[in-house]
Amino acid sequence: MEGKFEAPKAVPIRKRREALDKAPAEAVRTEEFPKEKHAVKHEAYAIASFLIERYHQKTKEVLQDESLEILTSLKGAFVINEEVARALVLDEHGQVTFDREVLWGIDDDTLEKVLMSEMVFPKIYMRAFDRAFVQKRNEFDEKEKAIYQRLGDLFHKSQARIVVRENSVRAQSVEGFISAGVATAATESWNILLALTRKYNQEFHTPLTDEVLDALTSDIKKILNQTASLHIADFTYLRDLSVESLQLNLNQVAWDKILVFTEEGSGLRVSIRDEYKHLDEQERERRECTVGCPGRDAIVTNDEGKKVNVVGDVFDFHKELAKRVVLPNQGVLL
């Protein structure tokens, strides 16, 4: 099939979420599963957004309460050499940063690879999320247990998501489904920050500051939510743009190619180049409907007491991390 997926409309994710939020545990357990493929996808993503809200909030607790354990786990990663491991420390607030004195002894090439690797700093949130996944599941109330079980049963009964490994075929697990999306959110939040830092230096011949990054945050969140709403075929297209670039991992979105700075009355803005703004209108093979990342419909309260979606809150975590480890060392990225 070419172009948009043609099928009857399923219940919108937000509307389905509202129904799930109000439903008692027994109703969740006994409700029939949808049969149409597009409806199954909507149901899976609605349930995932419900669970992601809870896992994300627990992840923030883990990041706060188990920061030393997370740092120790990060230092043990095979991609981090001994020098960099010594340089990674916790600041007075328990946040991962660099020891400046130790950092002086690390050459620029090594530091650049560490900053660029999605196996280092994006792993902080991902490792905390893995811990939160286990801890929160053990804390579930009856309603949350019913929601979790419904997603697992939906995958098993519908076979809507199949995992093939070494001649074995099985239904997608709840953990695998949600963790894959979390990995994308963490790595792309980090990648867009790296691309923004390089482009700002190259275009304005001056370092990116905390203040400028804060001013551009609203635009960046809009961009992330826009790309998170794409069909996988269009999102894959953005990743394929990086094939000719110098990025270390070709699974990364080519942010350096699609971001553009503009000057408006209110000051500097950042957006997606016009030719990439309407990817969903282009003719590509779409075997299922477009739903978008469930993190867009997962709403939490951020550190400032504001209601935000998880896509934006995950970015905020990485933005503050970038202020500590990238912006002070951005010269190695040029």
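**Exercise 1. The two sides of helix α1**

Determine which exposed residues lie on the face of α1 turned away from its buried side, and establish which residues of α1 are buried.

*Solution.* Step 1. In this predicted model, the outward face of α1 carries K15 and K22, both exposed.
Step 2. Helix α1 spans residues 13–22, and its buried residues are I13, R16, R17 and L20.
Step 3. These buried residues cover an arc of only 105° around the axis, which puts them on the same side of α1.
Step 4. The cover over the buried residues of α1 includes α3 (37–65) and α9 (142–158).

**Exercise 2. The two sides of helix α4**

Identify the buried residues of α4 and state what covers them.

*Solution.* Step 1. S67, I70, L71 and L74 are the buried residues in α4.
Step 2. Viewed down the helix axis, they fall within an arc of 100°, so they line one face of α4.
Step 3. L68 and T72 are exposed on the other side of α4.
Step 4. Among the elements that cover the buried residues of α4 are α3, β1 (88–90), β2 (96–98) and α8 (122–137).

**Exercise 3. Salt bridges of K323**

Find the salt-bridge partners of K323 and locate each partner in the chain.

*Solution.* Step 1. One partner is D214, with the closest N and O atoms 2.8 Å apart.
Step 2. This pair joins distant parts of the chain, for K323 belongs to helix α14 (residues 310–325) and D214 to helix α11 (residues 210–228), 109 residues apart.
Step 3. Another partner is E320, where the closest N and O atoms are 3.3 Å apart.
Step 4. E320 and K323 both lie in α14, three residues apart, about one turn of the helix.
Step 5. For burial, the cut-off is under 20% relative accessible area. K323, at 15% relative accessibility, therefore counts as buried.
Step 6. D214 is partly exposed, with a relative accessible area of 36%, and E320 is partly exposed, with a relative accessible area of 36%.

**Exercise 4. A salt-bridge network**

Name the residues linked in a network of salt bridges, and classify E53 and R54 by accessibility.

*Solution.* Step 1. The network links R17, D21, E53, R54 and E144.
Step 2. Within it, the side chains of R54 and E53 meet at 3.4 Å, N to O.
Step 3. E53 has a relative accessible area of 12% and is buried, whereas R54 is partly exposed at 22% relative accessibility.
Step 4. R17 also appears among the buried residues of α1.

**Exercise 5. The surroundings of A186**

Decide whether A186 is buried or exposed, and list the residues that A186 touches.

*Solution.* Step 1. A186 is placed in helix α10 (residues 174–204).
Step 2. Its relative accessibility is 0%, so A186 counts as buried.
Step 3. Leaving aside residues up to four places away in sequence, A186 touches P122, Y125, M126, V314 and H318.
Step 4. The C-alpha atoms of A186 and W255, which are 69 residues apart along the chain, are separated by 14 Å.

**Exercise 6. Overall dimensions**

Assess how the radius of gyration of the protein relates to that of a compact globule.

*Solution.* Step 1. For 334 residues, a compact globule would have a radius of gyration near 20 Å; the protein has 21 Å, which agrees.
Step 2. Along the principal axes, the C-alpha atoms fill a box of roughly 60 × 45 × 45 Å.
Step 3. Buried residues make up 51% of the 334 residues.
Step 4. Of the contacts with a separation of 6 or more, 72% are between residues 24 or more positions apart.

Methods
Residues numbered from 1 in each chain as written. Predicted model: local features only at pLDDT ≥ 70, side-chain atom pairs only at ≥ 80, totals over all residues. Heavy atoms only, no water. Buried < 20%, exposed > 50% of the residue type's maximum accessible area, 1.4 Å probe, protein only. Helix = DSSP H or I, 4+ residues; strand = E, 2+ residues; numbered from the N terminus. Arc of directions from axis to C-beta. Contact = heavy atoms within 4.5 Å. Rg over C-alpha atoms; globule rule 2.2 N^0.38 Å. Salt bridge = Lys/Arg side-chain N within 4 Å of Asp/Glu carboxyl O.
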